[in-house]
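Biologist: I would like to go through the contacts between the chains and the terms used for them. Please set each value against its rule.

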Amino acid sequence: MKTNPDSREQTSLAQGTEVKTTTCYMCACRCGIKVTVKDGEVRYIQGNPDHPLNKGVLCAKGASGIMKQYSPARLTKPLLRKPGTERGAGEFEEISWDKAFGIMEERLGKLRAEDPKKFALFTGRDQMQALTGMFAKQFGTPNYAAHGGFCSVNMAAGMIYTIGGSFWEFGGPDLERSKLFFMIGTAEDHHSNPMKVELSQFKRNGGRFVAINPVRTGYAAIADEWVPIKPGTDGAFLLAVIHEIIKLGFYDRDFLVNYTNAAELVDMTPGSMEEGMFLRFEVPEEEGCFDPQNKLWWDRELDIPISMHTEGVDPYLTGEFTLDDGTPCKPAFQLLKERVEDYTPEWAEGITGIPAETIRRLAHEMGIVSRDQKIELPIQWTDAWGKDHDSVVGNPVSFHSMRGLAAHSNGFQTIRALSILMTLLGTIDRPGGFRHKAPFPRPIPPCPKPPKGWDDVKPNTPLNGMPLGWPADPDDLFVDDNGEAIRLDKGFSWEYPLSVHGLMHNAITNAWRGDPYPIDTLLLFMANMAWNSSMNTNEVRKMLVDKDENGDYKIPFIIVADAYHSETVEFGDLILPDTSYLERHDAMSMLDRPISEYDGPVDSVRIPVIPPKGECKPFQDVIVEMGARLKLPSFIREDGSPKYRDYRDFILNFETAPGSGIGFLAGWRGKSGEKSMKGEPNPNQWEMYEKNNCVFHYELPKSFQYMRNWNRGYLHWAQEHNMTRYDEPINVHIYSEILQKFRLAAQGKTNGRQPPERLRKRIETYFDPLPFHHEPLESQLTDTQKYPLNALTQRPMAMYHSWDSQNAWLRQIHTHNYLYVNPVLGRNNGFDDGDWVWVESMHGKVRCMCRFSESVEPGTVWTWNAIGKASGTWGLTPNANESKKGFLLNHVISEELPPHEAGEHLSNSDPVTGQAGWYDVRVRVYKAGADEPEITSPQYKAVKPLPGMESKRRGKWQAYVAGKFRKKMGLK
Amino acid sequence: MHPAFSVLFLTTLIGAGQGLFLALFTGQIFQQFKLMPEQHEPDFYVIGSAVSVALLLIGLFASFFHLGRPERAWRSAAQWRTSWLSREVIALPITMFAIAAYGAAHYFGLTHALFFTPGGTGIDATLLLGLFATIATYALFVCTGMIYGCIRFLQEWHTPLTVINFILLGTASGFTIATALSAWMGTELTHFYASWAIFFTLTAFVFRIASMIRNRKIKPKSDMNSAIGVRHSGVQQKAQGSMCGSFNTREYFHGKKATFVTTIKYIFIFLAFLTPLVLLIMSLGISSGESIFVVSLFAAIAQYLGLLAERWYFFADARHPQNLYYQQVS
Amino acid sequence: MVDKNPYDANPTGTFFNRVQTFEIGTYPKTETVHFPKSCLHCEEPPCVPVCPTGASYKREEDGIVLVDYDKCIGCKYCSWACPYGARELDEQQKVMKKCTLCVDRIYDESLPEEERKPACVMSCPTSARLFGDVHDEDSEVSIAIRENGGYQLMPEWGTKPANHYLPRRKTRIKIHEDELERVDNPLSKEERKRHNAPGEGPSLDDMTSW
Ligand SMILES: Nc1nc2c(c(=O)[nH]1)N[C@H]1C(S)=C(S)[C@@H](COP(=O)(O)OP(=O)(O)OC[C@H]3O[C@@H](n4cnc5c(=O)[nH]c(N)nc54)[C@H](O)[C@@H]3O)O[C@H]1N2
Ligand SMILES: Nc1nc2c(c(=O)[nH]1)N[C@H]1C(S)=C(S)[C@@H](COP(=O)(O)OP(=O)(O)OC[C@H]3O[C@@H](n4cnc5c(=O)[nH]c(N)nc54)[C@H](O)[C@@H]3O)O[C@H]1N2
Ligand code: SF4
Ligand code: SF4
Ligand code: SF4
Ligand code: SF4
Ligand code: SF4
Ligand SMILES: [Mo]
């Protein structure tokens, strides 16, 4: 990496002006920025050319960070709901931090001593789950999750359970070397600036870019081909492509044989407890979280079963065999082949709306490019079985996908299909294909496991197990003796067994209903759960203020840690004002979501460029302090005194275990910063990050950069640096035995745990070891004649969720939102461009304005996400367009499915992972009455500014005059 | 374009002021060259000039409202080599002064012949000053007209008709005002002015109609394809980069419905041309007294209001190619 | 730069560069075009001669068209004379504003050479914006214009914008029939060489032992 010794104060600018580097957090992409500060005020923000992630580029949000810093929506004081006032009435009084800590210490201390599960901690768009998760674990509550469950857990789980890594922050397409690129269901995504940089280079190099999406916006605008698809049907498309790839023999056979379980023999004995399990030549206690290399292949040469990876053996991928003991078996690939037999392009055409011809052509393009345009890099490496290779080979077809697949309740299986397609083409961690980013790949599934039962939850004791983990079989579920949920969000129960990120979207509803039990205190951090991150927002807002027969709130105490006056802040009993990203220390840690590159681990930090506003306190400092006050073991010394002064100190000195040498940051470890990845704490670590553009980049030797699932050198290195526990190869799960274990349990073919009766059918259906396509759950339960349309949201490039409406610059670009509809749809339904319409689902309805667009599939309507706001929030006046013309689609999306045989209150989520099915909702759209007001519905009573917020709303005019913010933006 | 009231007042007021002066001077010429019976009415010229200068002054005053930084208005004369606006800024005070001087000359009675033409007509200072003021007036008309006429992108304006119309409309309204003024002062010139006013109003009407016919036939030179450089018949804007409008959406578009614009069109045809024509013709039939003053005053007021409407329409009618980039708010 | 109603209804303000979106064609043959538009620094800038104060000017040395905010009287006349709508009146300061091509940046000696570019060029993630001298035949921009068919907006007005736009690029793949068949088709490896299960019914082995 290019390092610049004094990048933070590079150029001597005018007096009192400094340029400091830190990391952007106008979105989770985390670009390196240079902030020019004059007289203690931010003047402007530029991209940092020396940063490996964005290489100097910036986006509209990043450049507008200054207006967020000085937004009138900033909270500046800890606030307590005024005694005697109603929750949600907006009456708060300023209190001191001391008092705030006192309140929390008393309340949480009592809960921890009596019933720790009554404290629930849920966090939204943060990037420090390592810290918050640790706090929850130490506290002893099972009720912790971050936003992943409503975000893209399907993507994480679907891919990690298949290839040991995923898109999202942990891997991506190698566009530098790719020739053909498919972007499926992505509008903007997390890796946004790098993705833009790479896409443009890719196109300049003559690469071909195909976008598969019901809507053509964002990245898809520059696609060479746009393939509109009906929402929720990508599984059918992908399976048809797989059908064609297998039929024509376009798959990379060597890759499948050597690096996947395609050739492994599956026991086909009908009705047995082993049915659908791999055959093993020895059955030792399978310890740890890796696949022991004890499966069988069928040798083509000798025509006998033989232990996998026997030197020189070439196994069959297809066929049917019988072992000597009469056990019938088939290679996993044969099962896949049979599975896709009927999934013809013609079949998929009827489901996806994509002409069979197009599907076939795209499959052929993938096949031909991957087969005929191979890349061979002269990089020697050794595989996990000890075989040396002279080169690294790549098949330059790549994919990227996100919530367009993930946010459907069939997403997990669809994403399995995508991962398998990528594998068939031989593109996993190879040049021009998919590439991992440290700390991935991880074993399938990764090692951390959730607790297993009530025994793991005890007063005054840390939780036994990780609050979030990766179940490998039914025994890893977190359920009581009846097989019912222990977590508030019902994660890791039979309802959503692989809910590896929890189900934050059901936390409030469940707490309100007291199902599985009532809680006492709900702490929400950086999550706007009373608005855009909850489904069924209208009802959820009522739940937050609902009372029981005794007149007590059903959710007795709500703590909100936020930096701005969001909709959720209104519902807090105690409000903790957080700092802005320019005012605090943050770590983008290897223990969490680092910003690694394909060539090796990268982590980065934020270092304050200006002091906190008012009495804002970094939430991490609050966690560290609360940890000490509550005497959580990791946060105190043996004598009970606080171990860490604050978060900065925590980062410096925390080690995963005493003397482990592993901390939150991997760079400049060791006494004087001479070590990396692992080493004793370095008292000057922050300064060293500061000197190096706030980023640490460890470039792996070339021979460790590819084929990492099976690269002995890499796996050793990863193990040596404690990145992973085992250095076993990570073979791709074309066929998922893990899913089969759940299915067997549902069929009663197990000695272990079995699902409750009502869920047997559901588990049996959706835990299919092979990918399949099914209609999203909501569609199965909706009258689709009545609600024929799919309604989607997308990320606008210039706004991050709900939090940019406060930004005077960005809100000019998106002041309100429209419902985009195909003109054909509008005309058939009697409304015109710009008309006011109702969007109605079986759960609710919203009035909004529509806009005709030719870039949307006629069965789909969509809008930009989270532009609509509740009146008076976000430092805006009650009449701001965001609340009068803007709308939130969430009102028509339900957090629960209609009652059906699998349960009364099942989450509107993927039955495998609990991923929120945002994009499953079915709606109809009709013209609003001529007598109806031209204003969006629903409307909420305007809230007023909070104590400590800039008292006067800014005037009619605001001139951006650098360094003049304190002078109230005077005209002169 | 968005019609700014300051500009509507500026152009109509100075036009009327200039026209009024031309009327005064025409009257003087006709008398002095004995084209009509000579009368001695210095008061009429003095007061007429004063009214003319007053109109110009109010116009000038109105124009300041158009400037963002009126305190810097003095700078605006700088670029007379290239800018018609600069030229107007120069021509306007000159005209004003010339007319004022013309009025002053009458006031001070500088009517002794300085020399005689071969035809024996005495040329006095008022005549010389009037001649000079006439030149200035026409120069000012040309400058004002050219401010609009010279912008190629506004095809509705980019025609000699723009200057001609400015001249004719200004002149017509000036003569109508002169008629009223003359009637008010009870001079003998009332019918003379009324006849000329009828003539100019008719001519202006013809030319204004001509320009409207021309404008209706204009094929815009730019279209969506040339604007963004993509050749396709179905180009539609979906977002213009800001949702609540910008300078670009406010300055170049009147923001009114088409029906409103058409209404304004009929209003101005009625008020600026038909009403004054009828009233002026009526006035020809009235010999003298109060009634002719009332009738001609109404004619002048109607015509002025009509011209305001005409000027509004003049702006609203002009389609700026930049609007191609600002079609849809989202 | 100024915002009106920054936190109120109908916020609006002055921008140097607006990114607009157009749709071309009808579904499903739709193209979506994102179209950034700032001052094009015309070689024949009609906005300059009309300015009465000389506040609008084109620099001799590099052709950059600028507004001198200290001279501008806010008469808006120059903006009328720009067919592209590139100029926006700062409605608070009451002077005309527009893209300056970052003159302060591109000549700033205190910046490293590679950073002496307009901010929008520096920050554009897709390097969709190129910066250089269009008169220098060998500059990156001239080459791009020449080789990729760069064009000017509204050429019909003869304003000769210095800023050019590049047409969209499409990459297609031609599939040849014979590419769909190959001798090394891995499917050929799947044909069973020998049978595994014993053949159906009795065979000679069941009858005799030789
Ligand atoms: N600017 C900006 N960037 C962001 C965010 C933001 O708010 N603003 N949010 C961040 C977060 S938290 C996340 S999770 C990521 C999400 O990043 P993306 O995955 O890009 O998320 P969405 O914007 O939801 O885009 C989903 C896309 O999928 C399409 N789609 C919907 N259903 C289907 C389907 O069934 N099939 C296919 N093929 N496509 C479908 C939609 O049309 C849309 O284009 O973005 C991150 N980046
Ligand atoms: N209809 C629909 N709804 C969706 C989605 C969708 O596609 N469609 N997408 C879902 C997805 S993927 C996600 S990730 C969620 C995102 O939803 P949320 O996680 O709720 O994210 P935000 O709206 O960004 O709000 C987070 C809160 O963080 C606060 N905040 C901002 N900066 C700071 C800070 O520095 N410190 C603190 N303490 N707080 C801060 C903001 O004020 C805001 O209240 O939305 C989900 N909701
Ligand atoms: S993509 Fe934009 S907002 Fe996100 S981190 Fe980078 S510069 Fe900041
Ligand atoms: S784009 Fe407009 S403002 Fe810029 S130089 Fe050309 S005419 Fe002038
Ligand atoms: S607005 Fe300013 S720059 Fe434009 S023409 Fe008037 S004085 Fe010149
Ligand atoms: S060149 Fe500079 S002033 Fe012009 S649009 Fe780009 S960043 Fe703005
Ligand atoms: S920054 Fe680049 S990619 Fe983004 S809108 Fe501007 S020109 Fe386009
Ligand atoms: Mo998300």
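Modeller: A salt bridge here is a side-chain nitrogen of Lys or Arg within 4 Å of a carboxyl oxygen of Asp or Glu. By that rule, a search of the whole structure gives 75 salt bridges over all chains. Keep in mind that this is a predicted model.

Biologist: Why is the meeting of Asp372(A) and Arg182(C) called a salt bridge?

Modeller: The N to O value for the side chains of Asp372(A) and Arg182(C) is 3.3 Å. The cut-off is 4 Å, and Arg and Asp are among the residues that the rule admits, so the pair counts as a salt bridge.

Biologist: Where do the two partners of this pair lie?

Modeller: Asp372(A) is in helix α12 of chain A, and Arg182(C) is in the segment after α4 (140-148) of chain C, so the pair crosses between chains. Between chain A and chain C the count is four salt bridges.

Biologist: What makes chain A and chain C partners in contact?

Modeller: Contact needs heavy atoms within 4.5 Å, and 84 residues of chain A are in contact with 56 residues of chain C, so the two chains touch by this rule. The area buried between them is about 6100 Å², with 48% from carbon and sulfur atoms. On the chain A side, Gln812(A), Glu854(A) and Trp957(A) lose the most area to chain C, together 12% of what that side buries.

Biologist: How many residue pairs are in polar contact across the interface of chain A and chain C?

Modeller: The rule finds 35 such pairs, both residues at pLDDT 80 or more. Elements of chain A that each supply at least two residues to this side include α7 (192-204), α8 (234-247) and β35 (957-959). The largest share, seven residues, comes from α12(A). By class, the side of chain A that touches chain C has 35 nonpolar, 26 polar and 23 charged residues.

Biologist: How do you know that β35(A) and β1(C) pair?

Modeller: Pairing requires at least two bridges; β35(A) and strand β1 (residues 2-4) of chain C have three, so they pair. The sense is antiparallel. Within this pairing, Trp957(A) stands opposite Lys4(C) in β1(C).

Biologist: What is the count of salt bridges between chain B and chain A?

Modeller: It is zero salt bridges. Two residue pairs are in polar contact there, both at pLDDT 80 or more. The side of chain B that touches chain A divides into three nonpolar, five polar and one charged residue. The contact takes nine residues from chain B and 13 residues from chain A. Its buried area is about 770 Å², of which carbon and sulfur atoms give 49%.

Biologist: Why are β26 and β28 of chain A called edge strands?

Modeller: The open sheet of three strands has the order β26-β27-β28 (chain A), with antiparallel pairing. β26 (586-588) and β28 (695-697) each pair on one side only, so they are the edge strands. Neighbouring strands of this sheet are turned by 10° against each other on average, direction ignored.

Biologist: What makes β26(A) and β27(A) a pair?

Modeller: β26(A) and strand β27 (residues 602-606) have three bridges against a required minimum of two, so they count as paired. Asp586(A) stands opposite Arg606(A) in β27(A).

Conventions: Residues are numbered from 1 along each chain as its sequence is written. Chains are lettered from A and ligands numbered from 1 in the order in which they are written. This is a predicted model: local features need pLDDT of at least 70, side-chain atom pairs count only at pLDDT 80 or more; totals for chains, interfaces and linings use all residues. Side-chain values use heavy atoms; hydrogens and water are left out. Buried area is the accessible area (1.4 Å probe) that two parts lose on being put together, summed over both. A polar contact is a pair of N or O atoms within 3.5 Å; within protein, one must be able to donate a hydrogen and the other to accept it, and residues adjacent in sequence count only if both atoms are side-chain atoms. Ala, Val, Leu, Ile, Met, Phe, Trp, Tyr, Cys and Pro count as nonpolar, Asp, Glu, Lys and Arg as charged, and the others, Gly among them, as polar. Helices (H or I, at least four residues) and strands (E, at least two) are DSSP runs, numbered from the N terminus. Axes are lines fitted to C-alpha atoms, for helices over the stretch in contact, and angles run from 0 to 180 degrees between N-to-C directions.
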